[in-house]
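Let's take a friendly walk through a protein structure, one part at a time. Keep the 3D view open while you read.

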Amino acid sequence: MKVLVPVKRVVDPYVRVRIRADGSGVDIANLKMAMNPFDEIAVEEAVRWKERGIAEEVVTVSIGEPKVVETLRTALAMGADRAIAVQTEVAVQPLEVAKMLRAIVEREQPRVVIMGKQAVDDDSNQTGQMLAALLGWAQATFASRIDLSDGEAEVAREVDEGIEVVRVKLPAVITVDLRLNEPRYASLPNIMKAKRKPVETLTPADLGVDPTPRLEYIRFEEPPKRQAGRKVESVRELVEELVKRGVI
Amino acid sequence: MPALVIAQHDNRRLDPATLATVTAARVLDSAVDVLVAGHGARAVAEEAASVEGVRRVLSSEAEHFANPVAEDLTELVLQVADGFDAILAPSTTFGRNLLPRVAARLDVAQISDVVEVLAPDTFKRYIYAGNVLCTVRTKDSRRVLTVRTTAFEKAATGVGSAAIEEVPAPPRTGLARFVRREVHRSERPDLTTARIVVSGGRGVGSKENFQLVERLADVLGAAIGASRAAVDAGFAPNDWQVGQTGKIVAPELYIAIGISGAIQHLAGMKDSKIIVAINKDPEAPIFEVADCGLVADLFKAVPELIEEIERVKRERSAA
Ligand SMILES: Cc1cc2nc3c(=O)[nH]c(=O)nc-3n(C[C@H](O)[C@H](O)[C@H](O)COP(=O)(O)OP(=O)(O)OC[C@H]3O[C@@H](n4cnc5c(N)ncnc54)[C@H](O)[C@@H]3O)c2cc1C
C-alpha cells in the first residue's frame, strides 16, 4: 500500500506573530518555521505503518514557497521515502491545495492520504475533507486511533461529544488529531540519509491547477485586548469579588 | 436567495449551536431555511420550525441519518443546494467535518469559524490561534460558512411556525459507516453553553486530583474544562479540552486552575466575561488575561474556595 502525506510549512506554533503596522498582513519573514504539528503526527503514523509492513511506500508532498523543501526534508528524516514539492509564491488556500493534491493523488495512486486536521496558521480545518470530496473518497477526520485492515479503516474520531468510531472504505482521506501518536525526533543519521532521498519539484501549472485564492484577506488586526489582570490576595477576597460582580 | 442552515441535533433536540448559526444566517439573509436530516427526528424538525426567523424547514428522514456520516449528508445537502446562495453550519466537529466536503463539491472556498458578518461577502475570523483577527472577502457568489457559536446570540425557539417540507433522502454512499459513539455522560451543564466553566490543567497533577476541580464545578453548577496537557495526561476526557483544537467557550465566569495560559488554550476561552486564574507561578501568562488572579497552591486554594462558596450560599439561603 502506498500512503501520501501532505505537509504544510507554518510559523512555529510557539512563536507569536506580529501584524504589520498598516494592517495589511502578518509579518512572518524572519520567524522560526516548522512543520504543522498535526502533519507531523500524520507523518509519524504513516512511517509506523511502513515499519509494521502495512505500507510499502510513504510519499510526502508540500505546497508553497521554495523553502517547503526544508519541511519535506524533515518528513524524509522521520522516515518518508520520497517527496514532492509543489512550488508557488502564491499564498494558496484550502480549495486550491485540495485540487493540487487531487492531481497528485491521480498520479501517485495512494490507498490512503493521511494529513493534519488543520494548519495552525490559518486554522481552516478544510483541506482533507475537500480532497476527499473532490476524489469521491471516504473521509475520517480528527483521528485519535486508526486500525487499517484489508479494504477498510476503523477510525476513532475526537468529536465534541467524546469519541466517535467510524469505518471507512479505502481509498480514504484520514485527518489526524493531536492524540493519535507522539511524533519522533529524527536522528542525525536519518537527517543525513534524508538529504539523499529524492525530492521532485513541480508547479501548480504542472498539475493543471490555478492557485489564485478566492478569499481575499483584506484586513488584519489585533483581537480586542482584555483589561490587564488584577491579583487578589486571598480566597476570601476572590469570592467577595465574584459576589460583587454577581457571577456567584 | 435564501440561506440554508444545516441543523445539528441528536434526533431528539436541536443543538443550541444550530440556534447561533441561525442568527448568523439572518444577518446574511432575511430568509433562512433549516435542513434537518435525521431518523425519527420529527420533534427536531418541529423545534426548528419554531425558531425565530426560520422561513421553512426541510426534513429528511432515513435510517442512515440516525448517526449520519459526512459522505451521506453531503449528498443530501447537494440535492437541495441549488435553492440557496449561502450554506451555514456551526463550527463544531459536526460542521467542521461536513461543510468543507459540501464546499468542495460546490467549488466554493469555505470560510471557517466566522465570528462576525460585516457584509454578505465579508466576514471576520481568527487566524494564528486567535492572535490575529482578519477581515475576509470572498469572490465566490455562493457562500459556505461555519460559524463560531459563541460569537452569535442563540435565536429564540418556540416563537415561529415555519412550514416543514419533506425531502427524500438520497441512498447511502456506502463509503463510510457509523460504528459507535463513546459519550462521556454527565449531569453537568454543557461545556460550550454553560454560564460557568471550571477548567483544570497539568498543575492538577492526576486524574484523582481532578476530582477537586469537579467538586468546585459542582458547588458552582459549572461545566468542566481542561487544557490539552491535562487531557493528554489522561486526567480528563478529550471532549473537555478547551482551546485552538478543542472547544471554544465564552462563559460568564471561567476559572482556570493549574493552567499556564498557552496561546492555544487562550484561543478557546479569552472571550469569557470574567476570568479567574489560580496558579502558583506569579509569572504564568494566564494572569495577563485574568480579571482575578490568585497566586497560590491549588491544593490549598481550591478546597478553601469550595468551602467559602458553600458558606456564602448557606448565608444566602438563610437570609
Ligand atoms: C498544535 C497545537 C494545538 C494545541 N491546542 C491546544 C488546545 O486546544 N488547548 C490547550 O489547552 N492547549 C493546546 N495546546 C497545548 C498548549 O501549547 C500548552 O502546552 C497547554 O495548554 C499547556 O497546558 P497546561 O497549562 O495545563 O500545562 P502547563 O503549561 O504545564 O502549565 C501547568 C501550570 O500549572 C501550574 N501549577 C503546577 N502545580 C501547581 C499547583 N500545585 N498549584 C497551582 N498551580 C500549579 C504551573 O505553574 C503551570 O503554570 C496545543 C499545542 C499545539 C502545538
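What follows is a short tour of chain A, a sheet, some helices and a few salt bridges.

## Meeting chain A

First things first: this is a predicted model. Chain A has 248 residues, and 59% of them count as buried. Its tally of regular pieces is 6 helices and 15 strands. Measure along the principal axes and the C-alpha atoms of chain A fill a box of roughly 65 × 45 × 40 Å.

How much surface does chain A expose? The figure is about 10,700 Å², with carbon and sulfur atoms supplying 48% of it. Now look at the contacts in chain A between residues at least 6 apart in sequence: 71% of these join residues at least 24 apart.

## A sheet built from two chains

Now find the open sheet of 10 strands, with mixed pairing. Its order reads 14(A)-7(B)-6(B)-5(B)-8(B)-4(B)-1(B)-2(B)-3(B)-9(B). Which strands sit at the edges? They are strand 14 (215-221) of chain A and strand 9 (163-166) of chain B, and each pairs on one side only. From one strand to the next, the twist averages 35 degrees.

For a closer look at one pairing, pick strand 5 (residues 111-119) and strand 6 (residues 122-127) of chain B, which pair in the antiparallel sense over 4 bridges. Here, Val114(B) stands opposite Arg125(B) in strand 6 of chain B.

## Helices in chain B

Two helices of chain B pack on that sheet. Helix 2 (residues 42-49) of chain B touches strand 2 (32-38), strand 3 (54-61) and strand 9 of chain B, and its direction makes about 170 degrees with that of strand 3 of chain B. Helix 4 (residues 93-105) of chain B touches strand 1 (3-6), strand 4 (86-90) and strand 8 (143-147) of chain B. The angle between the directions of helix 4 and strand 4 of chain B is about 160 degrees.

Then there's helix 3 (residues 70-81) of chain B, with 12 residues. From its first C-alpha to its last it reaches 15 Å, close to the 16 Å expected at 1.5 Å a residue. Is helix 3 of chain B largely enclosed or largely exposed? It is largely enclosed by the rest of the structure, because 10 of its 12 residues are buried. Among them are Leu73(B), Leu76(B), Val77(B) and Val80(B).

## Opposite charges pairing up

Side chains of opposite charge can pair when their charged atoms come close. How many salt bridges does a search of the whole structure find? The answer is 56 over all chains. In one of them, the side chains of Glu96(A) and Arg214(A) meet at 3.8 Å, N to O. Glu96(A) lies in helix 3 (residues 94-108) of chain A and Arg214(A) in the loop between strand 13 (199-202) and strand 14 of chain A, so the pair ties together parts that are 118 residues apart in sequence. Glu96(A) is buried at 2% relative accessible area, and Arg214(A) counts as buried at 17%.

In chain B, Arg26(B) and Glu52(B) form a salt bridge at 3.9 Å, N to O. Arg26(B) belongs to helix 1 (residues 16-28) of chain B and Glu52(B) to the loop between helix 2 and strand 3 of chain B, so this pair links parts 26 residues apart in sequence. Arg26(B) is partly exposed, with a relative accessible area of 36%, and Glu52(B) is partly exposed at 34%. Finally, shared partners join Glu96(A), Lys99(A), Arg214(A), Asp107(B) and Asp140(B) into one network of salt bridges.

Methods:
Residues numbered from 1 in each chain as written. Chains lettered and ligands numbered in written order. Predicted model: local features only at pLDDT ≥ 70, side-chain atom pairs only at ≥ 80, totals over all residues. Heavy atoms only, no water. Pairing = 2+ DSSP bridges. Axes fitted to C-alpha atoms, helices over the stretch in contact; angles between N-to-C directions. Contact = heavy atoms within 4.5 Å. Expected span 1.5 Å × (residues − 1). Buried < 20%, exposed > 50% of the residue type's maximum accessible area, 1.4 Å probe, protein only. Areas by Shrake-Rupley, 256 points an atom, 1.4 Å probe, with all protein chains shown as cover. Salt bridge = Lys/Arg side-chain N within 4 Å of Asp/Glu carboxyl O.
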